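Welcome! Grab a pencil and have a look at the model below before trying the exercises.

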Amino acid sequence: NILEPTSRSIYWKGKILDKNLNDYFKNISYIADKTSSIRQLSLFENIKIWKKIFLSNVSDEQIEDVLTILNLIDYKNMKVNTLSLGEVKKLELLRLIIENKKIWILDEPFASLDKNSIDLIEQTFMDHCKNNGCIIYTSHQDLKFQVSEEINL
């Protein structure tokens with residue numbers, strides 16, 4: 001909403017975006033290439049804060065399952081400033097599950113991740129798209145993730 005279109009219109013759910021801006025923003029998750037975590041807090045304390053901010057209904061058990069899959073479960077009580085760059089990146093990407101929004105805008109989501117983590121994130125991306133989600137991301141890495149040209153939001 002910084003720049004106004006000079007021609008044509010942008011629609012969200014069948015309405016001109018300007019008339020539906022709040023609903024549009026409620027459906028977007030943005031993960032920057034810089035951490036949004038509070039580095040002095042533990043991994044799990046950051047997750048608790050995000051759950052409150054985004055009014056997430058993801059249970060602690062579900063979070064622990066995802067932490068296990070991401071190989072972060074052993075670090076859940078460690079301060080973020082003690083984690084590796086890859087571990088912090090996985091924590092940041094966990095926000096996508098917590099926020100549970102339709103559109104994901106991601107800056108360098110695969111930076112600092114090992115091959116197994118990249119494969120897992122790519123599968124998560126494919127699952128999100130199959131469930132009518134949309135992902136816009138930048139990457140300097142050559143990935144096998146297939147991009148659909150059709151966007152139907």
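Two exercises on charged side chains follow, each with a worked solution.

The model is predicted, so local features need pLDDT of at least 70 and side-chain atom pairs count only at pLDDT 80 or more, while totals for chains, interfaces and linings use all residues. Residues are numbered from 1 along each chain as its sequence is written, and side-chain values use heavy atoms, with hydrogens and water left out.

**Exercise 1.** Find out which side chain shares a polar contact with glutamate 108.

*Solution.* Start with the location: glutamate 108 sits in the loop between strand E4 (103-107) and helix H5 (115-130). (Helices, H or I, of at least four residues and strands, E, of at least two are DSSP runs, numbered from the N terminus.) Next, check burial: glutamate 108 is buried (under 20% relative accessible area, with a 1.4 Å probe and protein chains only). Then look for a salt bridge (a side-chain nitrogen of Lys or Arg within 4 Å of a carboxyl oxygen of Asp or Glu). Glutamate 108 has none, and the nearest side chain of opposite charge, lysine 89, is 7.2 Å away. Finally, the polar contact is with the side chain of histidine 140, at 2.4 Å (a pair of N or O atoms within 3.5 Å, one able to donate a hydrogen and the other to accept it; residues adjacent in sequence count only if both atoms are side-chain atoms).

**Exercise 2.** Work out where arginine 95 and glutamate 92 lie.

*Solution.* First, both are in helix H4, three residues apart, about one turn of the helix. Second, arginine 95 and glutamate 92 are both buried. Third, they form a salt bridge, with the closest N and O atoms 3.7 Å apart. Last, salt bridges that share partners join Glu92, Arg95, Glu99 and Lys101 into one network.

Methods. Buried < 20%, exposed > 50% of the residue type's maximum accessible area, 1.4 Å probe, protein only. Lys, Arg positive; Asp, Glu negative; His and termini not counted.
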